[in-house]
Amino acid sequence: MNRSRETLHMARRRVASGGVVAVVVAVAWLASVPVAAQAQGLEVEPAAPAETWTTQYTPDGQPDLQGFWTNTTYTPLQRPDDVTKAFYTPEEVLENAQRRAAVESAQTEPGTIADVHYDFTQFGLDRSQGPMGFNLRTSLIVDPPDGRIPPMTAEGQRRAAERAEARKQRGAPTDAVQNQSPRARCIIMDRAGPPMMGNLYNNNYQIVQAPGYVMILIEMIHDVRMIPLDGRPHPPQNVRQWMGSSRGRWEGETLVIETANFNGKSPFRGSSENMRLTERFTRVDEDTMLYEFTVDDPATWSAPWSAEVPWEKTVGPLFEHACHEGNRGMYNMLAGARAEEKRAAEAAEQQLLN
Amino acid sequence: MAAVLWLAVTVAAGQTPAYRAPRSADGTPDLNGIWQALNEANWNIEGHSAAPGPVMELGAAAAVAPGLGVVDGGPIPYRPAAASQRQENAENQLTLDPEIKCYLPGVPRATYMPYPFQIIQTQQYIMMVHTYAGAVRTIYMDDHVEAPADSWMGWSNGRWDGETLVVDTTGFFHSDALHVVERYTATGPDHLLYEATIEDPNTFTRPWKMSMPLYRRVEANAEIMEFRCVEFVEELMYGHLRKEVDQ
């Protein structure tokens, strides 16, 4: 817990009516620091220190992680090239947030960026509209200390090259449905992981706990992670799944989930199917949870690496995300490509006749 | 023998349960567990004879297994137009059955597909997590609201009626008048009686009911596994749109 409280630098952001964005810095060690920055459109309030949080328990004695959560964040996975420090100041966080919010809200004006012809706010693509986890860190990666993914091993590089070559051999994404990404095919979203990483929109989760289980409902594609807590082993090596096989246990107030048996068809940042993942969920206070993960895949990276993602309470319910059932886009992409080929062929034929 | 079995099922469905389930922390019957229907309803919920399957090449492996049905009290009271639609659907299963395309199955179909589902029960939410297509239902035990929009699995409000979990579901794509009321009652440590009353005046002349036992998957290692069937149906759905390669 101490490590969590010292390293989790949360700030909380709310979008008030009229477009005023309030960022609540809830960093325990910053609570005494006068956070006076009143950036334009951003309002900063010190929040109660995390130490006041007393763990709540479910009726069967599990620390209570239940509720609706989001892992939306502006913090990049890897530290940007031009940043040399591990932490921003709260003022810099606000500045960054304001800049990002301005960029995203500019996209809400149809015609301001190429190919955008609808109002992004209608689709929730402007992240500043919803709750968000804030973090003083300059990268989600906390280990190695440079905030960057460790160098890829020779085997990892070879695999990446082979995968790129295989993609090339298969042809263009519009040549066949199987050439499209699992995400576009509504099979699985990258962010569902595990590890679970936010993206542009719908980064919402519901945790429900019953005796012996933690269930995490992922909004995207109504994916469910059902985590047994009874210490059962992983399935045999030949039984593999897109999201792997997850087994959980409580270490004090922290839920620890170990995942193995990935099928390698949606590799996390080039990982092998033998990647082992350890996730740790720790409730920090009523509205915040620390999500830590460690990726261990010696076939891909020279060292294990770890990241911390702030999770923030949000509001439910999660509505049914029937992705495949409504995937008109897939049909249209493929049918559109075939129609264009036909038109090009007809034009070429016409040219010959002329 | 068949008649005896039919009678036994009917009697069981109509009985008032004497069994008192173990209690969850809030004092309600504890329905947590992994459950599965064991019957032939997935081929046809009405009584039916054995028949060939829709794909000749699959022979007996995909043939229709005979069943006595799970509908209480006679044939489903279809309106004439609905009966014709049902006939058309049955004759064109390969193109009209949503299961062929790995679409969400709706309710009550999700319950009697031949795969396990898990109940995660709390005072506020009861989750039903299905193997097939990763279908999931949230049963709202507090804060009952009307379905905010139509969906495949519907919008479910739940309440306890003594020993029975009653789930009221509306907001389906299938028909805007479809209203399903399900009752889940433990009849023993490893059995639930499942009853579903279907009401849809657009489709049926009167409400009707199906019932069947659900069985606990008692294996120590039982778990809901990934049955992400989308990739298995893509060639069927989009294969005709594949780019033609010059020979």
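**From a helix in chain A to the build of chain B**

In this predicted model, helix α3 of chain A is followed by A:Gly171, a residue whose phi is positive, near 100°. The helix itself covers residues 154–170 of chain A, and at 1.5 Å a residue its 17 residues should span 24 Å, which agrees with the 24 Å that separates its end C-alpha atoms. Of these 17 residues the number buried is 1, so α3(A) lies largely in the open. An α-helix has 3.6 residues a turn, so residues three or four places apart point the same way.

Further along chain A, the loop between β14 (305–313) and α4 (328–353) holds A:Glu325. A:Glu325 has 19 other C-beta atoms within 10 Å, and because a residue counts as buried only with 20 or more, A:Glu325 is classed as partly exposed. Although 139 residues separate A:Glu325 from A:Cys186 in sequence, their C-alpha atoms are 8.9 Å apart in space. Leaving aside residues up to four places away in sequence, A:Glu325 touches B:Tyr103, B:Leu104 and B:Trp152, and these contacts lead the reader over to chain B.

Chain B contains 5 helices and 11 strands. For its 247 residues, a compact globule would have a radius of gyration near 18 Å, and the 19 Å of chain B agrees with this, while its C-alpha atoms fill a box of roughly 70 × 40 × 40 Å along the principal axes. Buried residues account for 31% of the 247 residues in chain B. Among contacts in chain B between residues at least 6 apart in sequence, 51% join residues at least 24 apart.

Note on methods. Residues numbered from 1 in each chain as written. Chains lettered and ligands numbered in written order. Predicted model: local features only at pLDDT ≥ 70, side-chain atom pairs only at ≥ 80, totals over all residues. Helix = DSSP H or I, 4+ residues; strand = E, 2+ residues; numbered from the N terminus. Expected span 1.5 Å × (residues − 1). Buried ≥ 20, exposed ≤ 12 C-beta atoms within 10 Å, placed from the backbone. Contact = placed C-beta atoms within 7 Å. Rg over C-alpha atoms; globule rule 2.2 N^0.38 Å.
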